[in-house]
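Me: Could you walk me through a structure with two chains? I'd like to ask short questions and get short, reasoned replies.

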2 protein chains.
Amino acid sequence: MRLVIARCSVDYVGRLKAHLPLATRLLVVKSDGSVLVHSDGGSYKPLNWMSPPATLRVLSPDEADLEDGVAEQWTVQSAKTDDRLIVNLHEVLHDTSHELGVDPGLIKDGVESDLQRLLAEQIETLGAGYTLIRREYYTAIGPVDILARDSSGATVAIELKRRGDIDGVEQLTRYLELLNRDPRLAPVRGIFAAQQIKPQARVLAQDRGIDCVTLDYDAMRGVDDVESRLF
Amino acid sequence: MRLVIARCSVDYVGRLKAHLPLATRLLVVKSDGSVLVHSDGGSYKPLNWMSPPATLRVLSPDEADLEDGVAEQWTVQSAKTDDRLIVNLHEVLHDTSHELGVDPGLIKDGVESDLQRLLAEQIETLGAGYTLIRREYYTAIGPVDILARDSSGATVAIELKRRGDIDGVEQLTRYLELLNRDPRLAPVRGIFAAQQIKPQARVLAQDRGIDCVTLDYDAMRGVDDVESRLF
DNA sequence: AGTTGAATTTCGGGG
DNA sequence: CCCCGAAGTTCAACT
């Protein structure tokens with residue numbers, strides 16, 4: 001990995017065109033040829049970048065560029081697409097290289113699949129007498145997150161989201177439409193379950209007779225922990 | 001901006017939990033307190049990070065951490081949420097600071113609004129005799145990208161995307177439902193126009209009687225350029 | 001400030 | 001390999 005601090009301008013040509021005027025920035029060149037252009041602010045997204053695999057070629061600037069004060073020109077060419085990043089370096093303030101090795105990668109906990117597993121294990125969170133039919137119930141238009149039965153024996157389709165948005169309600173509506181054509185399942189009720197549900201999504205769900213349930217992941221994990229400890 | 005290369009492990013606690021085992025990585029500390037943790041690979045997204053505004057506190061490791069070889073511990077606390085990033089530095093291989101100043105920011109060309117402008121200017125791309133009614137035709141549920149008339153005088157609602165996905169078809173469907181209630185406009189036909197249309201979106205669109213059109217941005221821009229030069 | 005929709009999205013999983 | 005959906009999405013525009 002190479003770290004360069006330089007006064008530079010940057011042009012990107014590819015899926016769109018973009019330009020960065022002359023300013024001092026951090027350039028990160030990774031060993032797979034990818035390049036990140038960062039300013040001293042904003043969040044994790046670079047101002048501009050080239051995705052790997054890519055190759056960096058260093059060119060001597062032509063006469064016109066020299067007159068503009070360009071000391072060195074980088075052409076970062078994507079290996080797979082014709083995207084190209086051109087960096088005009090006017091002044092290099094720092095330039096170091098470092099051996100990092102391969103990274104073991106990130107371990108996550110608390111994503112949607114965890115939520116789904118927990119809700120399937122603790123299906124009675126939705127009400128007494130609920131029983132699980134199965135997770136990832138496959139239909140022609142995609143898998144229903146959880147299919148269950150309520151205490152009266154009626155089928156319930158559950159759509160699970162971390163953040164409940166209008167799209168999720170649309171998705172569940174399509175599933176319900178399809179499931180209700182199956183006489184072995186019909187009538188199928190819908191439950192929209194999420195850690196947080198947007199007001200608009202809630203209104204749309206109610207309008208379509210879909211119940212909304214907000215889930216407390218920490219509490220569910222807590223129950224899970226207790227169960228793990230006890231048994 | 002501070003650049004640190006260190007052998008470190010990282011833990012994130014916030015909207016989810018995540019852990020990075022001990023390895024050598026780049027740590028970027030920006031002046032707004034945000035921190036990026038990058039490996040020497042992958043694309044522009046860091047392995048982990050803290051969004052600004054945030055504050056970095058350096059702690060002396062406790063006894064247990066010292067035994068594990070932790071030389072220094074960083075706690076990066078988000079100012080707005082209770083998200084927290086903890087970096088255990090075992091060995092610092094590089095540590096420099098740099099003054100970058102404020103960045104003038106990125107200038108883009110070729111995003112959806114450009115496509116919309118081009119299609120509105122070249123509405124006959126959709127067929128001979130098409131005329132523009134207006135761009136951004138406002139309705140109660142949001143603006144229709146383009147409203148036009150075909151050669152027979154019938155109203156056409158056009159939804160424009162760079163990448164045509166199922167969501168766009170749903171969106172256009174909602175617009176059509178609403179527009180067709182207006183007797184001055186009805187009957188309104190739908191066209192789903194995008195640079196690329198996903199097969200599933202195409203099927204759904206056809207099922208609902210919506211025409212699909214793929215757009216060639218470069219060609220449209222070319223026509224635009226020629227027109228600009230001629231007139 | 002909250003909401004909505006796009007993104008050079010990136011990333012991961014499943015067929 | 002492509003396709004699809006989730007993301008600590010981020011980002012910008014608009015209400």
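**Two chains, one contact**

Reply: Let's start inside chain A: Glu91(A) and Arg7(A) form a salt bridge, with their closest N and O atoms 3.1 Å apart (a salt bridge is a side-chain nitrogen of Lys or Arg within 4 Å of a carboxyl oxygen of Asp or Glu). Keep in mind that this is a predicted model, where local features need pLDDT of at least 70, side-chain atom pairs count only at pLDDT 80 or more, and totals for chains, interfaces and linings use all residues. Residues are numbered from 1 along each chain as its sequence is written, chains are lettered from A and ligands numbered from 1 in the order in which they are written, and side-chain values use heavy atoms, with hydrogens and water left out.

Me: How many residues apart in sequence are the parts that Glu91(A) and Arg7(A) tie together?

Reply: Side chains of opposite charge can pair when their charged atoms come close. Glu91(A) sits in strand β7 (residues 84-97) of chain A and Arg7(A) in strand β1 (residues 2-13) of chain A, so the parts tied together are apart in sequence by 84 residues. Strands here are DSSP runs (E, at least two residues), as helices are (H or I, at least four), numbered from the N terminus.

Me: In chain B, which strand pairs with β1(B) over 12 bridges?

Reply: Two strands pair if DSSP finds at least two bridges between them. One bridge joins Ser9(B) to Asn88(B). The pairing is antiparallel, and the partner of β1(B) is β7(B).

Me: And which strand does a hairpin join to β7(B)?

Reply: The hairpin runs through 5 residues. The strand in question is joined to β7(B) by 6 bridges and runs antiparallel to β7(B). Gln77(B), for instance, has Arg84(B) as its bridge partner. The strand is β6(B).

Me: Now the contact: how much area do chain B and chain A bury between them?

Reply: The contact (heavy atoms within 4.5 Å) takes 52 residues from chain B and 52 residues from chain A. In chain B, Asp40(B), Tyr44(B) and Leu100(B) lose the most area to chain A, together 17% of what that side buries. Buried area is the accessible area (1.4 Å probe) that two parts lose on being put together, summed over both. Of the total, 60% is on carbon and sulfur atoms, and the total is about 4,600 Å².

Me: Which residue of chain A forms a salt bridge with Glu170(B)?

Reply: Between chain B and chain A the count is 4 salt bridges. In the one with Glu170(B), the closest N and O atoms are 2.4 Å apart, and the partner is Arg174(A).

Me: Which strand of chain B pairs with β8 of chain A?

Reply: The pairing with β8 (residues 107-109) of chain A is antiparallel, over 3 bridges. In one of them, Lys108(A) has Ala18(B) as its partner. The strand of chain B is β2(B).

Me: What kind of axis relates the two copies, and why?

Reply: Superposing chain B on chain A takes a rotation of 178 degrees with 0.1 Å of shift along its axis, at RMSD 0.6 Å (a least-squares fit on the C-alpha atoms of residues with pLDDT of at least 70 in both). The copies are therefore related as by a two-fold rotation axis.

Me: In chain B, which residue has the C-alpha nearest the axis?

Reply: That C-alpha is 3.2 Å from the axis. The residue is Lys45(B).
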